Amino acid sequence: MQALGLCWDQTGIGELEEVHIPRQAPAHRGARLLLSHWQAREAEGRFVVGRDVPARPLAKILSGLMLYEPVDGDFRIRLAGLALLRRFGRDVRGERLSALSGAGQFSAHAAQMRALLRTGKPLVVEVRLMQQGRIQLCYELVALRVFAPDEQTPWVLAGLFFHDWRL
């Protein structure tokens, strides 16, 4: 259910199904901004949390950012912007990815994130939350390999960009 801009997973009407549609490049303005900022920092070395984010060029999209730290085969959410509140209906900071999704979804998400950490290739996906064949929520997700403040440990920085939110 969507009310006051929030999306609640449990509406009692039926299960939400996540449909992922891979994209070659982001379409949302915020997603393009995040990707271009990341590419510029990568060209100069590495994108490092604490140095390259937060940053003034990303101020408009900070509410859509989330930061995942790999922990024991799972991913802990270290940063969760307002977009995550809309997506999950609550503050998910500090939670693990496995607790936010079913076993099947978690294994698929975790596999994508592990591949991203290994290859460094950005992931761009349109996500549609479907319920009884209808789109309940639609957003673009951009996931990027970044490095922890120690400049050695790879983390995942992702941005959620709702198509109905303007920048």
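Just after helix α4 comes Gly120, a residue with a positive phi, near 80°. The model discussed here is a predicted one, and the helix that precedes this glycine is a good place to start reading it. Helix α4 takes in residues 103-119, 17 residues in all. From its first C-alpha to its last, α4 reaches 24 Å, close to the 24 Å expected at 1.5 Å a residue.

The two sides of α4 can be told apart by their exposure. Phe106, His109, Ala110, Met113, Leu116 and Leu117 are the buried residues of the helix. These residues lie on the same side of α4 because they cover an arc of only 120° around the axis. The general geometry helps here: an α-helix has 3.6 residues a turn, so residues three or four places apart point the same way. On the face of α4 turned away from the buried side, the exposed residues are Gly104, Arg118 and Thr119.

Helix α4 also takes part in the largest pocket, whose volume is about 270 Å³. Of the elements that line this pocket, α4 gives the most, with four residues. Both α4 and strand β6 (123-131) supply at least two residues each to the lining. The complete lining is made up of Pro22, Arg23, Gln24, Leu35, Gln112, Ala115, Leu116, Thr119, Lys121, Pro122, Leu123 and Val124. Sorted by class, seven of the lining residues are nonpolar, three are polar and two are charged. Two names in this lining are already familiar from the helix: Leu116 belongs to the buried residues of α4, whereas Thr119 is exposed on the face turned away from them.

Turning to the strands, β8 (residues 154-162) is mostly covered, with eight of its nine residues buried. Strand β8 has pairing partners in both β4 and β7. With β4 (residues 65-71), the pairing is antiparallel and runs over four bridges; here Leu67 has Leu157 of β8 as its bridge partner. With β7 (residues 134-147), the strands again run antiparallel, joined by nine bridges. An example from this second pairing is Glu140, whose bridge partner in β8 is Phe161.

The connection between β7 and β8 completes the picture of this region. These two strands form a hairpin, with six residues between them. Within the turn, Glu151 has a positive phi of about 65°. A positive phi thus appears in the hairpin turn at Glu151, as it does at Gly120 following α4.

Terms used:
Residues are numbered from 1 along each chain as its sequence is written. This is a predicted model: local features need pLDDT of at least 70, side-chain atom pairs count only at pLDDT 80 or more; totals for chains, interfaces and linings use all residues. Side-chain values use heavy atoms; hydrogens and water are left out. The expected span of a helix is 1.5 Å times one less than its number of residues. Buried means under 20% relative accessible area, exposed over 50%, partly exposed in between (1.4 Å probe, protein chains only). The arc is that of the directions from the helix axis to the C-beta atoms. Two strands pair if DSSP finds at least two bridges between them. On a 1 Å grid over the protein atoms alone, a cavity is a set of points where a 1.4 Å probe fits but cannot get out, and a pocket is an open set with protein on both sides within 12 Å along at least five of seven lines; lining residues have an atom within 4 Å of a point. Grid points are joined across faces, edges and corners, and a volume is the space filled by probe spheres set on the points. Ala, Val, Leu, Ile, Met, Phe, Trp, Tyr, Cys and Pro count as nonpolar, Asp, Glu, Lys and Arg as charged, and the others, Gly among them, as polar.
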